[in-house]
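Colleague: I am new to this one, so could you walk me through a few of its residues? Please show me the structure before we begin.

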Amino acid sequence: MKEANRPKKAQVISFYPNGEFFYQRGMTCFEKGDLNRASKYMERALKIRPNDVEYLCQQAAIMSELEQYDSSIGLLKKVVCELDTHMTECYFFMANNYAYMGAFDEALDAAKLYMTLEPHGAFSDEARQLCDMLSSDDELPDDEPAYVEEHEKGRMALEHGRFTEAAALFQRVLKLNPDFLAAQNNLSIAYFSTGNINQALAETDLVLSKDPGNVHALCNMATFFYQEGDTPHLKQILNRLDSLYPMVPEHCGKLGSTYLYLGEYSKAYRWLRIAEKRGVHCDQVFRFWLALAAFHSGDRKQAEKNWKRVDYFSNKPFHPFKYNKIQDMMFEESTADNFMVKDLLRKEIWENNLSYQLFSLFYLSHHGDAQLLADTARKGPTPQIRDIAGRLLEENQTGMKNSRLEIMRIVEKLTGGEKEAMKQPEIYSFWSVVDSVIGPDKEADSLGWAAALYYLWEKEFGVKTSQKKVADLAGTTVYRIRKHIGVLSQVLNRKWEEELVHD
């Protein structure tokens, strides 16, 4: 029986079809030494499965061979920082890329980090040799106490949202060294992040009993009370923070970032500027804090200066829209006047990432820059982007809702609002498939299509749901959902077959 004639299962929709076909072609070219074709096939595989760790690592290796070291580093950072923090060998490969680029400080940092995390790893000897080449400092991570390695692993787990694992690691550190206050502060954050509020506060109390002026503990406690909406206790902690005058640059930066989180922008700006003057490490995230605090404090010149140095977080593994503070900034009351938001949207519209392009267009239609939307409709990067921008602009100008665009707006509501949809932007690409299926000449069943799209999206990511539950949530019927699922299933399978035929 031919594949095309096999009956389709109603519930089977894969948003990312299997990319093994292109991956294997890429590997064949790689083994033959045809690096350019290998890279193209890997790129095709990654368009289908953008978060496949094996594909990403292989493409990173190919890019390194092609001497495109920046691109290779970007892929490796995505793997180890976003997808699988246990892939610590990525740090070793990053170190080699940095060394080839002549960025010796970054190479040394990456090699040392690998040795800290994997002192007996597969590349530990090579990493030590690289360190020996790059530095005359004989005090390498192997000489550090065991709890330092555990703490670094815990800090990374905390940074990447694996809070239970982080808590266990910090607990082990404290058994080895009960006076390691940095671990105790981080343990409090891990507890809070897993919902153990009382334990989190108990850990901060314990730190403050040992060191009453501990800046990190006081700042952590302030953020805990703020998130819990405990205004009386927050006021008490703020009084203590307001009385502090730390001398260490990192403490000044911690105080500034905490005030920024709390929305105390003038205080944030003051302490971040002090931290900068005292020589704190000013990476791109710090520059963003400074730009945002300056903007809200009315210092436009400093805001623009620091925003320029943020450079869209180009040296960081995460997309700008992945940062919580960027997400918060996008939905503040002052958004319409925020030049940083406009810069981000303008850049995203011209980047080759359909998900964020579409999010940016819908965001503009909700919040504002009519001129940017008009410019995109007239001279956007692709016909698809120009068409959607034009339809959004027409809606705003006429007040007449477009039923195909309304599908995405309903999906945004089903996901919990624009801000939540922003956190899973691929759903906008999914909508674009529905949009193309309906076509320009038909009035869409907005509720039915939105419910079908949302149901398939939930199933794609393993969320337990039912067509009945989604239908009730969207205000439609199971019959309409099933009807649209069947159509969409056939279209997606046909698109995949065409991809194979025309490759």
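Modeller: What follows is a short set of questions and answers on one histidine and some salt bridges. This is a predicted model, where local features need pLDDT of at least 70, side-chain atom pairs count only at pLDDT 80 or more, and totals for chains, interfaces and linings use all residues. Residues are numbered from 1 along each chain as its sequence is written, and side-chain values use heavy atoms, with hydrogens and water left out.

Colleague: Which helix holds His 216?

Modeller: Helices here are DSSP runs of H or I with at least four residues, numbered from the N terminus. The run that covers residues 215-228 includes His 216, and that run is helix H12.

Colleague: Is His 216 buried, partly exposed or exposed?

Modeller: Buried means under 20% relative accessible area, exposed means over 50%, and partly exposed lies in between (1.4 Å probe, protein chains only). His 216 has a relative accessible area of 29%, so the residue is partly exposed.

Colleague: Which residues does His 216 touch, leaving out those up to four places away in sequence?

Modeller: A contact means heavy atoms within 4.5 Å. One partner, Asn 185, is 31 residues apart from His 216 in sequence, yet their C-alpha atoms are 6.9 Å apart in space. With residues up to four places away not counted, His 216 touches Asn 185, His 251 and Lys 254.

Colleague: How many salt bridges are there?

Modeller: A salt bridge is a side-chain nitrogen of Lys or Arg within 4 Å of a carboxyl oxygen of Asp or Glu. By this rule, the count is 20.

Colleague: How many residues apart in sequence are the parts tied together by Asp 242 and Lys 267?

Modeller: The side chains of Asp 242 and Lys 267 form a salt bridge, at 3.2 Å from N to O. Asp 242 belongs to helix H13 (residues 231-242) and Lys 267 to helix H15 (residues 265-277), so the pair ties together parts whose separation in sequence is 25 residues.

Colleague: What is the distance between the closest N and O atoms of Glu 264 and Lys 267?

Modeller: Glu 264 is partly exposed at 29% relative accessible area, and Lys 267 is also partly exposed, at 29%. These two residues form a salt bridge, and their closest N and O atoms are apart by 3.9 Å.

Key. Helix = DSSP H or I, 4+ residues; strand = E, 2+ residues; numbered from the N terminus.
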